[in-house]
Every structure is written in structure tokens, then in C-alpha cells.
Amino acid sequence: MDTIDKIIFGDNQFFGINHMSQEKAQQLAEQFYDDSAIFKVYQIAYESGIRAIMLNSNDRAKVICDYFLTNKNKYSDVAWYPSIPYPHKYANLISEKGIMPTINEILFKDNSAMGILGMISKGSAAVLGKDAVKMMQMLVDVEMKMFKGLNVKVIFLQNIITDLLLGYGIKEIFYEYCIYIKKKYNALPGLITQNMPILLGKLKEWGIEEVVICSSFNKIGYLMSPSLDAYISSANNNDCSKYQLMAMSTLASGAIPAKEAYSFINQQNIQSVVFGASSKKHIEETVSLIDL
């Protein structure tokens, strides 16, 4: 299994996301209202030595992808870690337009004639046969369009989907998703979860290997189910040649000082950290503190 990057730059800060403070989230949304402000922070991250980016496939992600494609010579060594789908995007479209117009918008917008024919063929089979696997593949293809041309290393399934499927114990979708990502996109399949020990145990039980698992991991157990101890134990007993672990929410949305947070993280059997920051000081500080 290809080794993932040790440090990955996240994007929550660009889109007004802060799980602890709505006021902070609003400040971030205002700070990055203009796309050029986002590009400046990416440049700072690049100059700090970061060569990997995780990006949610939200409404502004295409602008970011287009920017890096336009400047591909400058950022040729950047690896990409898309996170799909972006649930709020679909919820907002359905609220605004209804279910059928949303389906039309998602599947056929900006597609070539051949692309539309391929989707119709796959979609018809899915509907007629109630094939959840083909529907999953269609959704992946739609979400990944904006990343075409970029060096995609891992494709993550968002935790809202991962944990729903995990709760129902749907092995087939996990299996087919991982196979599809490897074959169609020559990338590693990734799963974001808030239940890492349970997910890791199920993947082992089902024989699904060569997967990257991204989960909250911090010293206070923030967004970690069932417990901090379970996470530490699962990580310590993990075979990283089969399952690579990536930590997110390492600062618990600002509840833990950076030095204290990464002192804890550096002691864990974790292969990677994804973090978001909006200033040169915080980016450089975090890079200096991570020692996996």
C-alpha cells in the first residue's frame, strides 16, 4: 500500500466551519469570502513544506481545483485527498429545487454527450435493478469531476455516509467503494469516521484491506466514539501496512493548546495528521510540532 503524506492541509477554515464556536466560524467565513485569500494561505502552507491537501467537494472546491490546475507547474508535487460527497450541497439543492431537478443538476450539468450516455446507462441499470453499487459509482464519478487532472492519492468517503453504512453493517458498499476507487481512480480508498475502533474492527472482519481511515484523535476524546482509550488501543494494535490512520480534530476545535495536542499525537501509532489553519504563524507552528 502506498504511504500517505504525514502532514495534510485541511479546508474547514476556508468555509466557515468551527465546531466549538459559531462566532469563530462567522469570522472565518468573512475572512475567506474572497477566493484570493484562500490561495494566499495555500501558498503559505506550500512554503512551509506541506505537499498534501484534503478538500471537501463543496460549492467552492471547483474554484480551488481550477486554480491549482491552472498553476499545475508551480504545484506539480502536491498530492490531493478529496473528501466526498458534501452532504450540505445536496440538502441545499433539494430544498431549493426539489428532488428531480437536483438529480438533473448533479448528474448532467457540465457533462459531455458521451458522459451523459454513460451515466444514463449506468443509472438505468441502477434504478431498474435497485443497484446501490451502481448508484454509488455514479455519485463518486460526479463528485470527482472537479479533481480531474490533479494528483489524487486518497479519495475519502465523508463520515456522515461512512458511519451510516457502518451502523447498518453494509459490507457490500464498503467493499465495492474500495474496489472502485482503486480500479477507476488508481487511488487509495479512504473512510472518514467518528467511530474508528468499530470501523477498523469491521474492515478486518470483512477482509477489506489497504484503506486509509481518518478520524478525530485528540487527548480529550472530542468527537471520538466509543472512547479515547478504545482509540489508543486500536491504533497501538493496528497493522499500518493494511490500514493507515489519519488524525483530524487534533486540537479539538481549539480546546487543546497546539504544543500539548501534538505532544499527545506524536506518541500514538498514527501515520498522518490533517489540520487547518488560517495564518502563517499557526501553519508553521503546527508543522514544527508534528513528529510522527
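Which residues do ring pairs link into a cluster? Keep that in mind while you look around; the notes below get to it early. One thing first: this is a predicted model.

1. **The ring cluster.** Here is the reply to the opening question: F9, F14, F39, Y42, Y46, Y67, F68, Y75, W80 and F275 are linked into a cluster by ring pairs. Searching the whole structure turns up 16 aromatic pairs. Two of them are worth a look on your screen.

2. **A stacked pair.** Start with F39 and Y67, whose rings are stacked, with 3.9 Å from centre to centre and 5° between the planes. F39 sits in helix 2 and Y67 in helix 3 (residues 61–70), so to speak two distant parts of the chain, 28 residues apart, that this pair links. F39 has a relative accessibility of 14%, so it counts as buried.

3. **An edge-to-face pair.** Now turn to F68 and W80. Their rings meet edge-to-face, at 4.9 Å centre to centre and with 80° between the planes. Because F68 belongs to helix 3 and W80 to strand 3 (residues 79–84), the pair ties together parts that are twelve residues apart in sequence. Both F68 and W80 are buried.

4. **The cavity.** How many cavities of 30 Å³ or more does the structure hold? Just one. The largest cavity contains about 60 Å³ of space. Its lining is made up of F9, Y42, A45, Y46, I50, A52, I53, F68, Y75 and V78. Helix 2 (35–47) and strand 2 (52–56) are the elements that give two or more residues to this lining, and helix 2 gives the most, with three residues. Sort the lining residues by type and you get ten nonpolar, no polar and no charged.

5. **Strand 5, a buried strand.** Is strand 5 (residues 188–193) largely enclosed or open? It is largely enclosed by the rest of the structure, because six of its six residues are buried. Try looking at the two faces in turn: L188, G190 and I192 are buried on one side, and P189, L191 and T193 are buried on the other.

6. **The neighbours of strand 5.** Strand 5 pairs with strand 4 (residues 154–157) in the parallel sense, over four bridges. In that pairing, I155 has P189 of strand 5 as its bridge partner. Strand 5 also pairs with strand 6 (residues 211–216), again parallel and over four bridges. Here I192 has C214 of strand 6 as its bridge partner. To get from strand 5 to strand 6, the chain passes through helix 10 (residues 196–206), and this β-α-β crossover is right-handed.

7. **Two cis peptide bonds.** Some background helps here: most peptide bonds are trans, and most residues other than glycine have a negative phi. The bond from I84 to P85 is cis, with omega near -20°, and P85 lies in the loop between strand 3 and helix 4 (87–97). S225 and P226 are also joined by a cis peptide bond, with omega about 10°. P226 is in the loop between strand 6 and helix 11 (228–236).

8. **Two positive phi angles.** N186 is not a glycine, yet its phi is positive, at about 50°. You will find N186 in the loop between helix 9 (171–185) and strand 5, and N186 is exposed, with a relative accessible area of 70%. L223, not a glycine either, has a positive phi of about 60°. L223 is in the loop between strand 6 and helix 11 and is partly exposed, with a relative accessible area of 30%.

Note on methods: Residues are numbered from 1 along each chain as its sequence is written. This is a predicted model: local features need pLDDT of at least 70, side-chain atom pairs count only at pLDDT 80 or more; totals for chains, interfaces and linings use all residues. Side-chain values use heavy atoms; hydrogens and water are left out. Buried means under 20% relative accessible area, exposed over 50%, partly exposed in between (1.4 Å probe, protein chains only). Two strands pair if DSSP finds at least two bridges between them. A crossover is right-handed if, with the strands pointing away from the viewer, the path from the first strand over the helix to the second runs clockwise. On a 1 Å grid over the protein atoms alone, a cavity is a set of points where a 1.4 Å probe fits but cannot get out, and a pocket is an open set with protein on both sides within 12 Å along at least five of seven lines; lining residues have an atom within 4 Å of a point. Grid points are joined across faces, edges and corners, and a volume is the space filled by probe spheres set on the points. Ala, Val, Leu, Ile, Met, Phe, Trp, Tyr, Cys and Pro count as nonpolar, Asp, Glu, Lys and Arg as charged, and the others, Gly among them, as polar. Rings of Phe, Tyr and Trp (its six-membered ring) pair if their centres lie within 6.5 Å; planes under 30 degrees apart count as stacked, over 60 as edge-to-face and the rest as tilted.
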